[in-house]
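Ready for a few hands-on exercises? Have a look at the model below, then work through the tasks and check yourself against the solutions.

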Amino acid sequence: MEEKRLYNKVTDDVVKKLVAICGEKYVTTSEPLRHSYMARGIMGLEAVLPEAIIRPANADEVSRVLVMANEHLIPVTPAAGGLSGGFALPAIEPGGIYMDMTRMNGLEVDVENRVMVVEPGLKSGDAWRIFKTKYPEWAPPIPDGAPPAATVLGDAIERGFSLVTGVYGPQADMIMGLEVVLPTGDVLRTGSWAVPGAKPFYRWGPGPNPDGLFLGSQGSMGIITKAAIKMVPHPHFKTVVAYGGESFEDIVKPTWEVSKHELGIADRCVMVQGGNWQLVLTRWPKTNVPLDYEFYKKMGMSEYWMNYEIWAWSQEELDFTLKKIDEIYKAYEVKANTKCPQQYLHPKQIASRLKKPNKIAIPYALWEAGFLFITWYCPWLESANMMEQYCAKMEEYGFPPTMWVASIDHGRQAIVMPIVCFDSTKPGIYDKIREFNLETTKSFLKQGWLNYRPDPFVHAPETFSLAKDYYKMLVKFRKVLDPNLILHPGRLAIPWEAVTKLPNPCGEPKASESKVSKPTKPQVKK
Ligand SMILES: Cc1cc2nc3c(=O)[nH]c(=O)nc-3n(C[C@H](O)[C@H](O)[C@H](O)COP(=O)(O)OP(=O)(O)OC[C@H]3O[C@@H](n4cnc5c(N)ncnc54)[C@H](O)[C@@H]3O)c2cc1C
């Protein structure tokens, strides 16, 4: 059995040192404030209170804090908006220093090279507002449905889905260069940015590019203080069109046909997303809405549907795209002997979908107060099967089978997301969610599908116990970058001993056997 790693507590002496680095105004140990940070993480089922909150102003302060945290063996967790859905919420056991990055909220826009440089605190709502007023011909790739306080960089770190994800792929694909403060306090720039004076115009830079170690690491490999991100053209002939279907297959297959038209109509379908009728139902309080599909059927709503958000340079181009999509659906109806009627969308529905950030995913808390997004990637054509399996399991566990799906990069991948709505006051509900999550995770991994915001207790160990060699390599990288394992310990279970006393399913060598992981200080818990 691995030993759980011990860290030191944040002492008065440490707080003094934090104040000396960041200034008194930007350091707090106030209990109500620490709780307020936890309250932001609306889906952080496994979050714990940090011991101190700091708000650094720049990369130099970030670096000095990390050097000090190494000396005292204190965990540090970076957080931007703190709104990551699923399980990537900043701060899990053992607490430590919560580094709120929101003071660093700079934005530089380079229209010529079509790149923007963002700091971690730049909120999606602010980025959208600034572009709308100053650069209306361009759009920042913000997360489509996230709250306006979620950040552009947080979404890239998470490899999330932006408002143009149907064309450009996951948000991390938009990165052109990173500035990272490594856990030891050293500062690294990636891509062409690695060369002093060079612009961030070439992502792959002078040699092997380490970006992938930081994107998807949930803040456990380094603290990103700047990112160069592609901005996208923003044509203003827009609409949303939706088609129904009688099964998940009926929404996935015709979308695949549309998506294959790259260099053509598929490039105008910036966001392609759909799901089942429960997506509408569970956005309302359970007690205030009809629970039977018949009610929604009478309103003309299909049980399943797919939305296409289309951006075009002219009305003619928009009409052409709509016509082609319609033809593809008509051909599919004949071929599959099914019905995929175009869905009536009220102009207000279209306007609210086109509004950014659209806040569309926020009301799921209304159903029964608790909700959780669990997100998976799979090849597009396999997503219907995955959604069917997910719905069956959700019903078996007593959750409404609310299912959402979106196309990533012209339907190369699907992002599949059950929205688990639950009564957070019910005894044992969190164990039930974990059981549901574990059962589906084990089954989906066997089918070759991947969770994209892995939690450290279910997704990460289950995935890594299958991908053992990959995991071992990640642990080696982690120990090189962060020899004292101070950064967001426990996240992604790299290494295992940082998070739990449970047996390590990956059989990773003990820290004491590792050449690079010896801490510089004795591990004394005060
Ligand atoms: C209702 C709702 C709807 C959502 N809809 C969408 C959506 O449409 N599309 C989408 O992609 N996502 C969506 N999300 C998820 C999430 O809000 C976004 O991915 C968001 O942009 C994350 O940004 P954040 O600022 O909240 O990140 P945070 O939660 O602060 O951070 C994300 C992760 O990165 C780490 N981190 C933070 N800052 C740094 C840093 N500077 N360096 C290194 N690591 C760091 C954190 O420790 C954490 O693990 C939604 C969430 C909610 C609650």
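## Exercise 1: α8 and α11

Start with a fact to look at on screen: where α8 and α11 cross, the crossing is right-handed. Keep in mind that this is a predicted model.

**Task.** Work out how α8 and α11 are oriented to each other, and which residues bring them together.

**Solution.**
- Step 1: find the helices. α8 covers residues 248–259 and α11 covers residues 315–336.
- Step 2: look at the geometry. Their axes come within 10 Å and cross at roughly 135°.
- Step 3: classify the angle. An angle counts as roughly antiparallel over 145 degrees and as roughly perpendicular from 65 to 115. The angle here is roughly 135°, and α8 and α11 are therefore oblique to each other.
- Step 4: list the contacts. On the α8 side you'll find K253, P254, E257 and V258, and they meet I325, I328, Y329, Y332 and A336 of α11.
- Step 5: sort them by class. The contact of α8 with α11 has 7 nonpolar and 2 charged residues, with no polar ones.

## Exercise 2: α8 and α14

**Task.** Now do the same for α8 and α14: what is their angle, and which residues meet?

**Solution.**
- Step 1: α14 spans residues 383–396, and its axis lies 9 Å from that of α8.
- Step 2: the two helices pack at an angle of about 160°. The cut-off for roughly antiparallel is over 145 degrees, so α8 and α14 are roughly antiparallel to each other.
- Step 3: the crossing of α8 past α14 is right-handed.
- Step 4: F248, E249 and V252 are the α8 residues here, and they meet S383, A384, M387 and E388 in α14.
- Step 5: by class, that contact of α8 with α14 comes to 4 nonpolar, 1 polar and 2 charged residues.

## Exercise 3: α14 and α15

**Task.** Stay with α14 and describe how it packs with α15.

**Solution.**
- Step 1: α15 runs over residues 429–446, and the axes of α14 and α15 are 11 Å apart at an angle of about 155°.
- Step 2: that makes α14 roughly antiparallel to α15.
- Step 3: the contact uses M386, Y390 and K393 from α14, together with F436, E439, T440 and F444 from α15.
- Step 4: by class, the contact of α14 with α15 holds 4 nonpolar, 1 polar and 2 charged residues.
- Step 5: for handedness, the crossing of α14 and α15 is right-handed.

## Exercise 4: Two backbone oddities

**Task.** Which residues does a cis peptide bond join, and where is R114 found?

**Solution.**
- Step 1: recall the background. Most residues other than glycine have a negative phi, and most peptide bonds are trans.
- Step 2: go to K356 and P357, which are joined by a cis peptide bond with omega about -20°. P357 sits in the loop between α12 (347–354) and α13 (365–368).
- Step 3: go to R114, a residue other than glycine with a positive phi, near 55°. R114 is in the loop between β5 (107–110) and β6 (115–118).

## Exercise 5: Zooming out

**Task.** Describe the protein as a whole: what are its domains, and how many helices and strands does it have?

**Solution.**
- Step 1: the domain assignment gives domain 1 (1–103 + 454–526), domain 2 (107–233) and domain 3 (237–451).
- Step 2: in the contact between domain 1 and domain 3, 10 residues come from domain 1 and 12 residues from domain 3. The domain 1 side of it divides into 5 nonpolar, 4 polar and 1 charged.
- Step 3: count the elements, and you get 17 helices and 19 strands.
- Step 4: the radius of gyration is 23 Å, close to the 24 Å from the globule rule for 526 residues, so the protein is as compact as a globular protein of that length.
- Step 5: along the principal axes, the C-alpha atoms fill a box of roughly 70 × 55 × 45 Å.

Conventions:
Residues are numbered from 1 along each chain as its sequence is written. This is a predicted model: local features need pLDDT of at least 70, side-chain atom pairs count only at pLDDT 80 or more; totals for chains, interfaces and linings use all residues. Axes are lines fitted to C-alpha atoms, for helices over the stretch in contact, and angles run from 0 to 180 degrees between N-to-C directions. Helices (H or I, at least four residues) and strands (E, at least two) are DSSP runs, numbered from the N terminus. Angles under 35 degrees count as roughly parallel, over 145 as roughly antiparallel, 65 to 115 as roughly perpendicular and the rest as oblique. A crossing is left-handed if the near helix is turned anticlockwise from the far one by less than a right angle, and right-handed if clockwise. Two residues are in contact if their C-beta atoms, placed from the backbone, lie within 7 Å. Ala, Val, Leu, Ile, Met, Phe, Trp, Tyr, Cys and Pro count as nonpolar, Asp, Glu, Lys and Arg as charged, and the others, Gly among them, as polar. Domain bounds come from an automatic or database domain assignment. The radius of gyration is taken over C-alpha atoms; the globule rule is 2.2 Å times the number of residues to the power 0.38.
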